[in-house]
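Student: I have a model open and would like to test the labels people attach to it. Could you take me through the reasoning behind them?

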Amino acid sequence: MTDTTASPRPSAAAGPAARRGPALLPRLAPYLQAAPLTAVLLLFLLVPILTIAAVSFWDYDSVRIYPDFVLTNYTELLTSPVTWKTYLSTLKYAALTWAITGVIGFTVAYFLAFHVRSTTWQMVLFLLCTIPFWTSNIIRMISWIPFLGRNGLLNSGLISAGIIDQPLEFLLFSDFSVVLAFVHLYTLFMVVPVFNSMMRIDRALIEAARDGGAGGAQILWNVILPLTKPGIAIGSIFVVTLVMGDFITVRLMSGGQSASIGLMIANEISLLQYPAAAANAVVLLAVVLLMVAAMLRIVDIRKEL
Amino acid sequence: MSDSRTTTTAPATGLSRRSLLKGTAAVAGAAVGSGAITGFPTIWAQNIKNITLRQFGTGVSNLNAVADKVKEDLGFTLQMTALDSDAVTQRAVTQPKSYDIADIEYWICKKVFPAGALQPMDVGKIKNFDKIVPIFVTGKLTPESAIAQGTAPHTVGFVEGKDSVKFAKAPTQWMTLIPTIYNADTLGIRPDLVGRAITSWTDLLDPAFKGKASLLNIPSIGIMDAAMVCEAMGAITYGDKGNMTKEEIDKTLSIMTEAKKAGQFRAFWKTFDESVNLMSSGEVIIQSMWSPAVAAVRAKGIPCVYQPLKEGYRAWGGGLGIAKHLSGLELEAAYEYINWYLSGWVGAYLNRQGYYSAVLDTAKQHMSADEWAFWMEGQPAKTDILSPEGKLMEKAGAVRDGGSFADRMGRVACWNAVMDEDRYMVRKWNEFIAA
């Protein structure tokens, strides 16, 4: 790619049409600027994805994979009730996490953007939100386990306070703990873009609404929410794609009792069933792309930014 | 990497006579000390120090202590990489050039060896071959004992020829893996919390332990534990637990799924640490477990027992294989290493961790009489039993779980296995986990 764009330059400069040289460069400049990223994306994103797509049609046994063109990987995947069940449970996690992080993220961003008046405090509080990110995802996740366990802090606290007699079993290794961990890990991904959108809202619009006689709820619903939509859309893309592809949170927090698509793929890879894993990955990619496309249909990010 | 490889095999030039003599003497001395004289020409000794062999395997036996001792006794460098079982399988098959010695399990060998990443070993070059525990050669611990079900090591222990990847029915001149480490697994329990004697594999599904049981989620191993339970319940009689038919797989997993839906299991674990945490936090009081994990729970001062059960044990074994690409001096070094491995020091080290070594006679020479009696003969310890690192493992008077070597390895009901219906089994196992 860089070859074809770079090669005309010396000849143009040296040849008779020397005046074309300076005229060509400004036209080429943006392409040259985009070239490194394009090359990186081609090499490290597009090529691997195409490889995965190709491998998903290969055949395999417990030892090797065979270059071939078979559809068994897809038929086995799509006709299995497990796949549907797993997609359903993954979508359930994604929907629950999205709804909860959406509400929390919007509330926190609203507080930061409209209640905190001084920019200094806004920044201080915003940075406070990022403190949990100073430790690794897995550490923050695992620390829930002793807290929620049967003999964990929460259960023993509730028992000694006389609120319950038996430890609450649903707290750990359940859907509850999985969603809790997701919300804990990903809420900031919602807060940041929503906050960013809110900060761009012209405060005069809110004043105008108030002068026009709108109440607080009306302003929120008719002014702030529509203007925050791009932020919500970006946050939603973050949260949904992260949850759809996650496998370690689901495995650790459900105690291996629940399945997710990511976990299914991880299992297949660990058993050397690469073509099956590739087929699964292609389907997952398609589903996530459809979800993102649907979100982008509701909110035109380019127009709103 | 291939560059450094060629330089190490090239004959050393410009070496002074003095340093040559020194080097030869040191290595020869070390070799005498470890009893590993094999009659290689002395030209060998000048180059051997430049050799690096790269070994990978599970954390069970890929210990830095072994690499240090190799440097000390044999003079060359052994680089150890410890991975989990899944990563070991993947690396063995997909990156055959990235290692020289593969420390893999026998059931994985059934998958890996036909892929052509390893080369068979010439039995004639293995000094202690005839002292290897017969389980790995004939499948029988004693001439009378029955051959256990599953991927028994002797079924994947030999191939038909030097370049063959086809497993031989009877011992041949060409061995796939040199057995290094093996053990008989059973259920781990919390004696303080189960509140009664545990005697059978069926206890895993006892409704009394509802929400407090766990199973490991490595399909090839987990299915064997499940099969031990189903057979003990009398629900299924298997032709071969290690090579089930589709119907047997369906039936086994439907029993387990039913139990799962009834809330029998608290969690499924995949790594060593997870099983230790489940047990020590009291989330789980009965589960499939590995013996060092039981030791790790006990090391925290929490009672935990590796409970022998009347139906017998599910066994596993690992061994060293040589990568296909190894040749010349490095191949000789690999044989030297394997001979050293069977010469006793490592054997004693492994025995002291509660595993078993492939050649017992030589290991015995490296253990005290009391240690031998405790670990191998099932007798009460006369003195405190220390781990290989010198930490206190058992106080004087303690008796090992499951008794003597013959009691444990003589009561193996099945080996970890790869089935013909592996692909089907894994699919069904995933259904069970997702159910």
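**Labels and their reasons**

Tutor: Gladly! This is a predicted model, and its chain B contains 17 helices and 19 strands. Of the 435 residues in that chain, 60% count as buried. The accessible surface of chain B is about 16,600 Å², with 54% of it belonging to carbon and sulfur atoms.

Student: What makes B:F129 count as buried?

Tutor: Buried means under 20% relative accessible area. B:F129 has 19% relative accessibility, so it counts as buried. B:F158 has a relative accessible area of 0%, so it is buried too.

Student: And why is the pair of B:F129 and B:F158 called edge-to-face?

Tutor: Rings pair if their centres lie within 6.5 Å, and planes over 60 degrees apart count as edge-to-face. Here the centres are 6.3 Å apart and the planes make 85°. Both conditions are met, so the name edge-to-face fits.

Student: Which parts of chain B does this pair tie together?

Tutor: B:F129 sits in the loop between strand 5 (121-122) and strand 6 (149-150) of chain B, while B:F158 belongs to strand 7 (residues 158-159), so the pair joins parts 29 residues apart in sequence.

Student: Why is the pair of A:F182 and A:Y186 called stacked, then?

Tutor: The cut-off for stacked is planes under 30 degrees apart. A:F182 and A:Y186 have 25° between their planes and 5.7 Å centre to centre, so with centres within 6.5 Å the pair counts as stacked. Both residues lie in helix 10 (residues 175-200) of chain A, 4 residues apart, about one turn of the helix. A:F182 and A:Y186 are both buried. Ring pairs also link them with A:Y93, A:F133, A:F189 and A:F238 into a cluster.

Student: How do you know that the charged end of A:R140 sits over the ring of A:F133?

Tutor: For Arg, CZ must be within 6 Å of the ring centre and within 35 degrees of the ring normal. The charged end of A:R140 is 4.7 Å from the centre of the A:F133 ring and is found to sit over it. In chain B, B:R91 lies over the face of B:F56, at 5.4 Å from the ring centre.

Student: What makes helix 5 (residues 85-94) of chain B mostly covered?

Tutor: In helix 5 of chain B, 7 of the 10 residues are buried, B:R91 being one of them. The others are B:S85, B:D86, B:V88, B:T89, B:A92 and B:V93. The buried residues of this helix pack against helix 14 (261-270) of chain A, together with strand 1 (52-58), strand 2 (77-83), strand 3 (101-105) and helix 6 (106-112) of chain B.

Student: How do you know that strand 10 (residues 187-189) and strand 13 (residues 286-288) of chain B pair?

Tutor: Pairing needs at least two bridges. Strands 10 and 13 of chain B have 3 bridges, in the antiparallel sense, so they pass the cut-off. For B:I189, the bridge partner in strand 13 is B:I286.

Student: And what makes strand 12 (265-269) and strand 14 (305-307) of chain B edge strands?

Tutor: The open sheet has 5 strands in the order 12-11-13-10-14, with mixed pairing. Strands 12 and 14 of chain B each pair on one side only, and that makes them the edges. Neighbouring strands of this sheet are turned by 25° against each other on average, direction ignored.

Terms used:
Residues are numbered from 1 along each chain as its sequence is written. Chains are lettered from A and ligands numbered from 1 in the order in which they are written. This is a predicted model: local features need pLDDT of at least 70, side-chain atom pairs count only at pLDDT 80 or more; totals for chains, interfaces and linings use all residues. Side-chain values use heavy atoms; hydrogens and water are left out. Helices (H or I, at least four residues) and strands (E, at least two) are DSSP runs, numbered from the N terminus. Buried means under 20% relative accessible area, exposed over 50%, partly exposed in between (1.4 Å probe, protein chains only). Accessible areas come from the Shrake-Rupley method with a 1.4 Å probe; for residues, only the protein chains shown count as cover. Axes are lines fitted to C-alpha atoms, for helices over the stretch in contact, and angles run from 0 to 180 degrees between N-to-C directions. Rings of Phe, Tyr and Trp (its six-membered ring) pair if their centres lie within 6.5 Å; planes under 30 degrees apart count as stacked, over 60 as edge-to-face and the rest as tilted. Contact means heavy atoms within 4.5 Å.
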